[in-house]
Amino acid sequence: MQRPTRSTARDPGLLILASLSAGPRHGYAMVEDIARFGGGRLGPGTLYGAIARLEEAGLIAAVDAVDRRRPYRLTAEGLRTLAKEIDALELVVSTARDRLAQAAR
Amino acid sequence: MTPGEGLRGGTEPRLHGTETRRGWVRLALRLYPAAWRDRYGDEFGALLEETPMSVSAVFDVLVAAVDAHLHPSGPHRSWPLMIERIRRSELAVFASWVVFVVAGLAFQRMTEGDPFAPIASSQTAVGVSYAVIVAGAVVSLAAVTIAGVPIALAIARAGIRLRSWRQLALLAVPPIALAAWMGLTLYLVSRGDQPADEPWRLVTFLGWVGSFIVAAIASTVAVGAAALAAEIDGSLYRRAALPAMITAVAMGVVALAVTAWGIALAFESPSAFWSSDGILGSSTPLTWLGILLVMALATAVAVPSAVGARRTPTS
């Protein structure tokens, strides 16, 4: 099993997993969704590069195409990976927040 | 966004149905590897049609296409994907071997006459190093031949079967380039040393060496392009992994032997080592170091590539 390439909030793989946690989406819908919560639009090449890696790692799976648009869904492994990544990010965020607060005192 | 929204298309995408856009989409898809295109081409094309065209989007696609070539990924049939990795690793070994051979020919050219040939006969360490260099060169050539000939024949057969003249033309580049270079060599030999003035001889020599390097680059690129375009029996690439490893090891052995040759020469015949008998009368130690550097860099590319080819699982 392969985790997203980088454990950062801007990692395309993590953003895709987060987007698909709300349900299946195709490429364009993912770009729009990620632009709303991720603070930026993923380029088409970046998006599909990440989709290929996530699909190879078994974290997402394709569902039946609608016209030429193919939606993807999270697999059980993808859900588990997303949960682990969120825990790791939360630890980083809470630690950084505590230290910033101490530094401000 | 609700869970089902993505299936319906999310927010309404901007549509840009111009001929320019369709041309861009076709071009963008061509930039990707065939296997990737087979799996994602349709849906990726649909996304590109919906994505506003911008410099950043074009750049993003170009970078991603290069990445798709360098790091093939995706579930488009795992066996061909593994073979794809082996094929690219073996092509990297082949390209670095060609570079190594060019450096090796420079070494051979420098050492074939006086004062180095007599020293190799009389001084044991220099002679043994030279013998190892020759043996390594023969082993690497044999390994490349054993790995490459069946693949080249399979590519040629596939080209004939599919009437792919481009593929056959690419395969014809190495023999044509070699024949052209041999023709140039014979022509220069037949002219002798006329005119004998030094600048002209220098220009002639540089042109002769340059034409060889151009022929080597053209041949390597053409063979690589033919191999990447041809869909042949993947087991040929799998079987070539061992010869590729032998080639890389032989390159490493030759590079070490060239190192030993220089050190032995410096100790056993310092006057010859510190002479100006390098290429074009340049410094012998600098020529030796230059050749060694090229060989080391080529080996540094070949060894990990060969290990990658050997370690890639195929099932």
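**Salt bridges between chains A and B**

Hi everyone, let me start with a network: salt bridges link Glu55(A), Arg70(A), Arg39(B) and Glu43(B). Please keep in mind that this is a predicted model.

One link of that network is the pair Glu43(B) and Arg70(A), whose side chains form a salt bridge with 3.1 Å from N to O. It runs between chains, with Glu43(B) placed in helix H3 of chain B and Arg70(A) in the loop between S1 and S2 of chain A. Is Glu43(B) buried or exposed? Glu43(B) is buried, at a relative accessible area of 4%. Arg70(A), on the other side, is partly exposed, at 26%.

Now to the next pair. Glu50(B) and Arg69(A) make a salt bridge too, and their closest N and O atoms are 2.3 Å apart. For those of you who set up simulations, that is the number as computed from the model. Here again the pair crosses between chains, with Glu50(B) in helix H3 of chain B and Arg69(A) in the loop between S1 and S2 of chain A. Glu50(B) counts as buried, because its relative accessible area of 6% is under the 20% cut-off.

The third pair is Asp42(B) with Arg68(A), a side-chain salt bridge at 3.5 Å, N to O. Why does this pair join two chains? Asp42(B) sits in helix H3, residues 34–50, of chain B, while Arg68(A) belongs to the loop between strand S1 (60–62) and strand S2 (72–74) of chain A, so the bridge spans both. Asp42(B) is exposed, with a relative accessible area of 51%, and Arg68(A) is partly exposed, with 32%. Over all chains, the structure holds eleven salt bridges.

Let me step back to chain B as a whole. How many helices and strands does chain B have? There are 13 helices and zero strands. Of its 315 residues, 41% count as buried. Looking at contacts between residues at least 6 apart in sequence, 77% join residues at least 24 apart. The accessible surface of chain B is about 16600 Å², and carbon and sulfur atoms account for 70% of that.

Last stop, a nonpolar patch. Which residues form it on the surface? They are Val128(B), Val132(B), Val249(B) and Val253(B), with about 280 Å² of accessible area together. Helix H7 (124–161) and helix H11 (241–268) each contribute at least two residues to this patch. Val253(B), for one, lies in helix H11 and is partly exposed, with a relative accessible area of 35%.

Thanks for listening!

Key:
Residues are numbered from 1 along each chain as its sequence is written. Chains are lettered from A and ligands numbered from 1 in the order in which they are written. This is a predicted model: local features need pLDDT of at least 70, side-chain atom pairs count only at pLDDT 80 or more; totals for chains, interfaces and linings use all residues. Side-chain values use heavy atoms; hydrogens and water are left out. Helices (H or I, at least four residues) and strands (E, at least two) are DSSP runs, numbered from the N terminus. Buried means under 20% relative accessible area, exposed over 50%, partly exposed in between (1.4 Å probe, protein chains only). Contact means heavy atoms within 4.5 Å. Accessible areas come from the Shrake-Rupley method with a 1.4 Å probe; for residues, only the protein chains shown count as cover. Patches are made of residues with over 30% relative accessible area and no salt bridge: like charges are joined within 9 Å, nonpolar side chains (Val, Leu, Ile, Met, Phe, Trp, Tyr) within 5 Å. A salt bridge is a side-chain nitrogen of Lys or Arg within 4 Å of a carboxyl oxygen of Asp or Glu.
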